[in-house]
Amino acid sequence: MELARRKAREEGSNLSELILKALEEYLKKHYRGNPAFSLDKWVEDEEFVAMPTLGEKPNPELVRKLPDDMLQELRYHAYLWYELAHQEENRRRYERGVR
């Protein structure tokens, strides 16, 4: 807590104001939750499957559960990520002078 008090003093504030400011910023970003779906979906619908993120390791069991339209959307988004990553790698190579 001493680090937080020091930080507040550096900013010309006190610990309470620092905490309230941090809480306000957090709530602005997170108070609505995930805009894609609510956690209630898992409770209300036993067959509900969320779209996997492309940042996680692929899970064959999860993919088997996805309906056709979600599989297509996942493949399309994966392709877009692949292309974007490839372009960024090429841009960085070019900046470094590596061909």
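**Notebook: an all-helix chain**

I read the order of elements from the N terminus and noted α-α-α-α-α. The model is a predicted one. My tally for the protein is five helices and zero strands.

**Overall numbers**

I looked up burial next: 10% of the 99 residues count as buried. The accessible surface comes to about 9,300 Å², and carbon and sulfur atoms hold 54% of that. For contacts with a separation of 6 or more, I noted that 6% join residues 24 or more positions apart.

**Salt bridges**

I searched the whole structure and the search gave seven salt bridges. I wrote down several of them.

Lys 7 and Glu 11 form one, with the closest N and O atoms 3.6 Å apart. Glu 11 has a relative accessible area of 42% and is partly exposed. Lys 7, at 39%, is partly exposed as well.

I then went to Glu 88. Its salt bridge with Arg 91 has the closest N and O atoms at 2.5 Å. The two residues are separated by about one helical turn, because they sit three residues apart in helix H5. I found Glu 88 partly exposed at 28% relative accessible area, and Arg 91 partly exposed at 38%.

Glu 88 also forms a salt bridge with Arg 92, where the closest N and O atoms are 2.8 Å apart. Here the spacing is four residues, again within helix H5 and about one turn of the helix. Arg 92 is partly exposed at 42% relative accessibility. Following shared partners, I found that salt bridges join Glu 88, Arg 91, Arg 92 and Glu 95 into one network.

**Surface patches**

Which residues gather in a patch of negative charge on the surface? I listed Glu 44, Asp 45, Glu 46 and Glu 47. Glu 44 lies in helix H3. Its relative accessible area is 65%, over the 50% cut-off, so Glu 44 counts as exposed.

I also noted a nonpolar surface patch formed by Tyr 76, Tyr 79, Leu 80 and Tyr 82, with about 470 Å² of accessible area together. Of these I checked Tyr 79, which lies in helix H5, residues 68–96. Tyr 79 has 47% relative accessibility; this falls between 20% and 50%, so Tyr 79 counts as partly exposed.

**Thr 53**

Last, I located Thr 53 in the loop between helix H3 (40–44) and helix H4 (60–65). Thr 53 is partly exposed, at 48% relative accessibility. I took the C-alpha separation from Thr 53 to Ala 78 as 9.5 Å, with their positions 25 residues apart along the chain.

Definitions and conventions. Residues are numbered from 1 along each chain as its sequence is written. This is a predicted model: local features need pLDDT of at least 70, side-chain atom pairs count only at pLDDT 80 or more; totals for chains, interfaces and linings use all residues. Side-chain values use heavy atoms; hydrogens and water are left out. Buried means under 20% relative accessible area, exposed over 50%, partly exposed in between (1.4 Å probe, protein chains only). Patches are made of residues with over 30% relative accessible area and no salt bridge: like charges are joined within 9 Å, nonpolar side chains (Val, Leu, Ile, Met, Phe, Trp, Tyr) within 5 Å. Accessible areas come from the Shrake-Rupley method with a 1.4 Å probe; for residues, only the protein chains shown count as cover. A salt bridge is a side-chain nitrogen of Lys or Arg within 4 Å of a carboxyl oxygen of Asp or Glu. Lys and Arg count as positive and Asp and Glu as negative; His and the chain ends are not counted. The place of a charge is taken as NZ of Lys, CZ of Arg, CG of Asp or CD of Glu. Contact means heavy atoms within 4.5 Å.
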